[in-house]
Every structure is written in structure tokens, then in C-alpha cells.
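Q: Hi! I have a structure open and would like to talk it through with you. Mind if I paste it here?

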Amino acid sequence: MKGIVDRFEGEFVVIEINGVTKDFARSEVDSAVEPGDSVILIDGKWVTDDDETKSRVGVIKELMKDVWED
């Protein structure tokens with residue numbers, strides 16, 4: 001299962017999965033995960049998917065560049 005970390009709220013981490021946000025206990029998420037990271041569930045723990053996060057950041061930067069160039 002894959003998702004994107006939306007935000008941290010107290011003891012919970014809000015992760016968007018297929019367009020739907022769900023709350024997970026911080027204990028279910030690796031401590032290195034940050035908001036905006038793409039994550040993948042491995043052996044019951046959400047960890048950062050570094051390749052997917054870098055790809056997503058690149059796409060967002062290109063979109064932002066296009067918006068400000070017009």
C-alpha cells in the first residue's frame with residue numbers, strides 16, 4: 001500500500017491513500033517520515049519511498065514553474 005503524508009496531528013499521522021485521508025498512530029510510521037513524503041507500508045510500518053518522493057517533488061516544481069512563467 002502506498003500513500004502521501006498529509007500532516008502530523010498530535011499522536012497521529014494523516015496519510016492520503018487513493019485520495020482518501022486516514023489517521024495512523026505515530027508508532028506505525030517511521031520516525032524519518034516528514035509531511036509531503038510518499039510512503040509505502042512495509043511489514044506494518046510506513047516508511048519513506050525515496051524514489052517516489054523525489055519524483056513527486058520534481059513534478060510539483062515543474063508545475064509551479066509553469067504557473068509563475070505565465
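Q: Let's jump right in: is Glu9 buried, partly exposed or exposed?
A: Glu9 is partly exposed, because its relative accessible area is 39%. Bear in mind that this is a predicted model.

Q: Thanks! What does the side chain of Glu9 meet in a salt bridge?
A: That would be Arg7, with 2.5 Å from N to O.

Q: And which other side chain does Arg7 meet in a salt bridge?
A: Asp6, at 2.1 Å from N to O. So Asp6, Arg7 and Glu9 are linked in a network of salt bridges.

Q: How exposed are Arg7 and Asp6?
A: Arg7 counts as partly exposed, at 35% relative accessibility. Asp6 is partly exposed too, with a relative accessible area of 36%.

Q: How many salt bridges turn up in the whole structure?
A: A search of the whole structure gives two.

Q: OK, zooming out. What's the pattern of helices and strands along the sequence?
A: Reading along the chain you get β-β-β-β-β-α. That is one helix and five strands.

Q: In what order do the strands sit in the sheet?
A: The order is β3-β2-β1-β4-β5, in an open sheet with antiparallel pairing. At the edges are β3 (20-25) and β5 (45-48), each of which pairs on one side only. From one strand to the next, the twist averages 45°.

Q: How many bridges hold β1 and β2 together?
A: Five bridges, between β1 (residues 2-9) and β2 (residues 12-17), in the antiparallel sense. As an example, Phe8 has Val13 of β2 as its bridge partner.

Q: And how many between β2 and β3?
A: Six, and that pairing is antiparallel as well. If you want a place to look, Val14 stands opposite Asp23 in β3.

Q: What about the hairpin there: which residue takes a positive phi?
A: Asn18, with a phi near 50°. The hairpin of β2 and β3 has two residues between the strands.

Q: Which residue takes a positive phi in the hairpin of β4 and β5?
A: Asp43, where phi is near 50°. That hairpin also has two residues between its strands. Four bridges join β4 to β5, and these strands run antiparallel. Within the pair, Ile40 stands opposite Val47 of β5.

Q: Now the helix. Which strands does α1 lie across?
A: Helix α1 (residues 50-69) lies across β1, β4 (38-42) and β5. The helix runs at about 160° to β4.

Q: I'm curious about Trp68. Where does that one sit, and is it buried or exposed?
A: Trp68 lies in helix α1. Trp68 is exposed, because its relative accessible area is 65% and the cut-off for exposed is over 50%.

Q: Which residues make the nonpolar surface patch?
A: Trp68 does, along with Ile60, Met64 and Val67. The patch has an area of about 440 Å².

Q: Last topic, the chain overall. What percentage of its residues count as buried?
A: Of the 70 residues, 21% count as buried. The chain exposes about 5,000 Å², and carbon and sulfur atoms supply 51% of that.

Q: And what does the C-alpha trace span?
A: Along its principal axes, about 45 × 25 × 20 Å.

Terms used: Residues numbered from 1 in each chain as written. Predicted model: local features only at pLDDT ≥ 70, side-chain atom pairs only at ≥ 80, totals over all residues. Heavy atoms only, no water. Pairing = 2+ DSSP bridges. Axes fitted to C-alpha atoms, helices over the stretch in contact; angles between N-to-C directions. Contact = heavy atoms within 4.5 Å. Patch = residues over 30% accessible without salt bridge, like charges linked within 9 Å, V, L, I, M, F, W, Y side chains within 5 Å. Areas by Shrake-Rupley, 256 points an atom, 1.4 Å probe, with all protein chains shown as cover. Salt bridge = Lys/Arg side-chain N within 4 Å of Asp/Glu carboxyl O. Buried < 20%, exposed > 50% of the residue type's maximum accessible area, 1.4 Å probe, protein only.
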